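Reader: Please take one part of this model and look at it closely. Start from a single residue, work outward, and keep it brisk.

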Amino acid sequence: MNNTIAILSYNCYNASVILFYLRIVLENAKVKVLVMIRKGMKLYSILFGVCPKCHQESMYQNKNPYVLSEVIKMRETCSHCKTKYQIEPSFFYGSMYVSYAVGIAFAVAAFIISYNILGFSLTIAFIAIVVTLIAFMPVIMRLSRNIWINLFMSYDKELVKKSTTELKQH
Ligand SMILES: [Zn+2]
């Protein structure tokens, strides 16, 4: 009896030590990623869905992609630099081509994680792909729009300077 308690507490201690170090590793990784992805990089606009030209505010009316009624509701223009997001009518239809590629990337990731890393059967790996694609659909839709608009527009330092000085004057 005493033995089992000793073993149990020893295991709990081990688990807590592992969790402690895991948290440090993860937090360091998060900081590193955040340091690497800065305003001014295309990746910043793509990942956070901010204005492709000034990177100052979200293109979307609701930042959270999981408010499903507002997944693709975008502002018309950027309030900082006045960039019009919809360059031409139905501009964002083109993002559908991008969403095929993004969807495939998510499917491949789901397959590698469930089949190769976690060692599940092929059937479960395919179920994992379907579940992943459904669960990440809002993210995939936004990522494709962000990638699509970033193909046509780039970060513009001068525009950022101009718009921030204008904002200060008002
Ligand atoms: Zn802007």
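Author: Start at Met153. Met153 counts as partly exposed, because 15 C-beta neighbours lie inside 10 Å. The cut-offs explain the label: buried needs 20 or more such neighbours, exposed means 12 or fewer, and partly exposed is what lies in between. Keep in mind that this is a predicted model.

Where does Met153 sit? Met153 belongs to the loop between α5 and α6. Set aside the neighbours within four places in sequence, and Met153 is in contact with Pro52 and Lys53. Take Pro52: 101 residues separate Met153 from Pro52 in sequence. In space, their C-alpha atoms are 6.1 Å apart.

Now step back into the preceding helix. Asn150 lies in helix α5, which covers residues 137-152. Asn150 has 18 C-beta neighbours inside 10 Å, so Asn150 counts as partly exposed. Which residues does Asn150 touch, beyond those within four places in sequence? They are Lys42, Ser45, Ile46 and Pro52. Pro52 thus appears in the contacts of Asn150 and in those of Met153. Helix α2 spans 42-48. Leu43 is another partner to check: Asn150 and Leu43 are 107 residues apart in sequence, yet their C-alpha atoms are 9.1 Å apart.

Next, step forward past the loop. Glu158 is part of helix α6, residues 157-169. Is Glu158 buried or exposed? Glu158 counts as exposed, because it has 7 C-beta neighbours inside 10 Å. That number falls within the limit of 12 or fewer for an exposed residue. Glu158 pairs with Cys54 at 9.2 Å, C-alpha to C-alpha, across 104 residues of sequence.

The loop between α2 and α3 deserves a look for its backbone. Lys82 sits in that loop. Its phi is near 65 degrees, a positive value in a residue other than glycine. Most residues other than glycine have a negative phi. Lys82 has 14 C-beta neighbours inside 10 Å, so Lys82 counts as partly exposed. Ser90 is found in the loop between α2 and α3 as well. Phi of Ser90 is near 55 degrees, again positive in a residue other than glycine. Ser90 counts as exposed, because 7 C-beta neighbours lie inside 10 Å.

Beyond the loop comes a helix pair. Helix α3 (residues 95-117) and helix α4 (residues 122-135) have axes that come within 8 Å and cross at roughly 140 degrees. The crossing of α3 past α4 is right-handed. On the α3 side, the contact includes Gly103, Phe106, Ala107 and Phe111. On the α4 side, it includes Leu122, Ile124, Ala128 and Leu133. By type, the residues of this contact divide into 11 nonpolar, three polar and no charged.

UniProt has something to add here. An unreviewed entry there places the feature "transmembrane region" at residues 6-26, 91-113 and 119-140. In the model, residues 91-113 are 83% helix and 0% strand, with end C-alpha atoms 35 Å apart. Residues 6-26 are 100% helix and 0% strand, and their end C-alpha atoms lie 30 Å apart.

Last, the wide view. The protein chain is divided into domain 1 (1-36) and domain 2 (39-169). Their C-alpha centres lie 34 Å apart.

Technical notes
Residues are numbered from 1 along each chain as its sequence is written. This is a predicted model: local features need pLDDT of at least 70, side-chain atom pairs count only at pLDDT 80 or more; totals for chains, interfaces and linings use all residues. Axes are lines fitted to C-alpha atoms, for helices over the stretch in contact, and angles run from 0 to 180 degrees between N-to-C directions. Helices (H or I, at least four residues) and strands (E, at least two) are DSSP runs, numbered from the N terminus. A crossing is left-handed if the near helix is turned anticlockwise from the far one by less than a right angle, and right-handed if clockwise. Two residues are in contact if their C-beta atoms, placed from the backbone, lie within 7 Å. Ala, Val, Leu, Ile, Met, Phe, Trp, Tyr, Cys and Pro count as nonpolar, Asp, Glu, Lys and Arg as charged, and the others, Gly among them, as polar. Domain bounds come from an automatic or database domain assignment. UniProt positions are given in the numbering used here, feature names are shortened, and annotations may be inferred rather than shown by experiment.
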